[in-house]
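Good morning, and thank you for the time. I shall walk through one structure, beginning with a single loop residue and working outwards to the chain as a whole.

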Amino acid sequence: MEQHRRDPRGALVRPYAVTRGRTEPRQDIALEAVLVASPTQIAESRFAGHDKHRIAMVCESRPESLAEIAAYTRLPLGVARVLVADMVAEGLLTLQTAAPATGFEERMEMLGRVLSGLREL
């Protein structure tokens, strides 16, 4: 058991298993996209697996961005992106809004603000 804890591959295998080997989401969801879960969606998420239920619980009390969901659940961003896209497709999360299409500079500024906010957590 002690050998398993020291094996760095363990940290890589779990995210791969959580997404069933997928690295691309079903739909593209922006980092700043706002997601929310209703009480019904939270109840249904209990049957979708531990990680999906944790994500739904994060979005229960207030809308959260994809970046915030990844931070709160401590899931790698790529894993969170795949799971959240699956949950939206399955009706377990509601995508309220996505950021309007903007230029590169505006998008980088927005991402900078998101990262600053996450560092304050």
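**A loop residue and its surroundings**

Pro63 sits in the loop that joins α4 to β2, the latter spanning residues 64-65. Helices here are DSSP runs of H or I with at least four residues, strands are runs of E with at least two, and both are numbered from the N terminus. I should say at once that this is a predicted model, in which local features need pLDDT of at least 70 and side-chain atom pairs count only at pLDDT 80 or more, whereas totals for chains, interfaces and linings use all residues. Residues are numbered from 1 along each chain as its sequence is written, and side-chain values use heavy atoms, with hydrogens and water left out.

Is Pro63 buried or exposed, or does it fall in between? Pro63 counts as partly exposed, because its relative accessibility is 38%. The cut-offs are under 20% relative accessible area for buried, over 50% for exposed, and partly exposed in between, with a 1.4 Å probe and protein chains only.

Setting aside residues up to four places away in sequence, Pro63 touches Val34, Leu35, Val36 and Gln96. Contact here means heavy atoms within 4.5 Å. Pro63 and Leu95 are 32 residues apart along the chain, and their C-alpha atoms are separated by 9.3 Å.

Leu95 itself belongs to strand β3, residues 94-97. With 31% relative accessibility, Leu95 is therefore partly exposed. Beyond its neighbours within four places in sequence, Leu95 is in contact with Gln27, Ile29, Ala33, Val34, Leu35 and Val88.

**Two buried alanines**

Let me turn to Ala37, which is located in the loop between β1 (34-36) and α3 (39-45). Ala37 has 6% relative accessibility and so counts as buried. Which residues does Ala37 touch, not counting those up to four places away in sequence? They are Ile42, Ala56, Cys59, Glu60, Leu92 and Leu93. For Cys59, the separation from Ala37 is 22 residues in sequence and 5.3 Å in space, C-alpha to C-alpha.

The second alanine, Ala30, lies in the loop between α2 (9-18) and β1. Ala30 is buried because its relative accessible area is 19%. Not counting residues up to four places away in sequence, Ala30 touches Leu66 and Arg107. Ala30 and Leu66 are 36 residues apart in sequence, with 7.2 Å between their C-alpha atoms.

**Helices α5 and α6**

Leu66 brings us to a helix pair. The axes of α5 (residues 66-73) and α6 (residues 77-90) come within 9 Å and cross at roughly 115°. Axes are lines fitted to C-alpha atoms, for helices over the stretch in contact, and angles run from 0 to 180 degrees between N-to-C directions. On the α5 side the contact is made by Leu66, Ala67, Ile69 and Ala70, and on the α6 side by Leu77, Ala80, Arg81 and Val84.

Between these helices, the loop holds Arg74. Arg74 has a relative accessible area of 77% and is therefore exposed. Its phi is near 60°, a positive value in a residue other than glycine. By way of context, most residues other than glycine have a negative phi.

**The nonpolar core**

The largest nonpolar core has 27 residues, and Ile29, Leu35, Ile55, Leu66, Ile69, Val84 and Leu93 are those with the most contacts inside it. Such a core is a set of buried Ala, Val, Leu, Ile, Met, Phe, Trp, Tyr and Cys residues joined through side-chain atoms within 4.5 Å. At least two residues of this core come from each of α4 (50-58), α5, α6 and α7 (104-119). The largest share, 7 residues, is supplied by α6. Within that helix, Val84 is in contact with Ile29, Leu35, Ile55, Leu66, Ile69 and Leu93, leaving aside its neighbours within four places in sequence.

**The chain as a whole**

The chain contains 7 helices and 3 strands, arranged along the sequence as α-α-β-α-α-β-α-α-β-α. Of its 121 residues, 35% are buried. Among contacts between residues at least 6 apart in sequence, 73% join residues at least 24 apart.

Finally, a word on confidence. The mean pLDDT, the predictor's confidence in each residue from 0 to 100, is 77 for the chain, and 72% of residues reach 70 or more. Over residues 9-13 the pLDDT is below 50, and this stretch has 0 contacts in the model beyond near neighbours in sequence. Where pLDDT is low, the predicted coordinates should not be read in detail.
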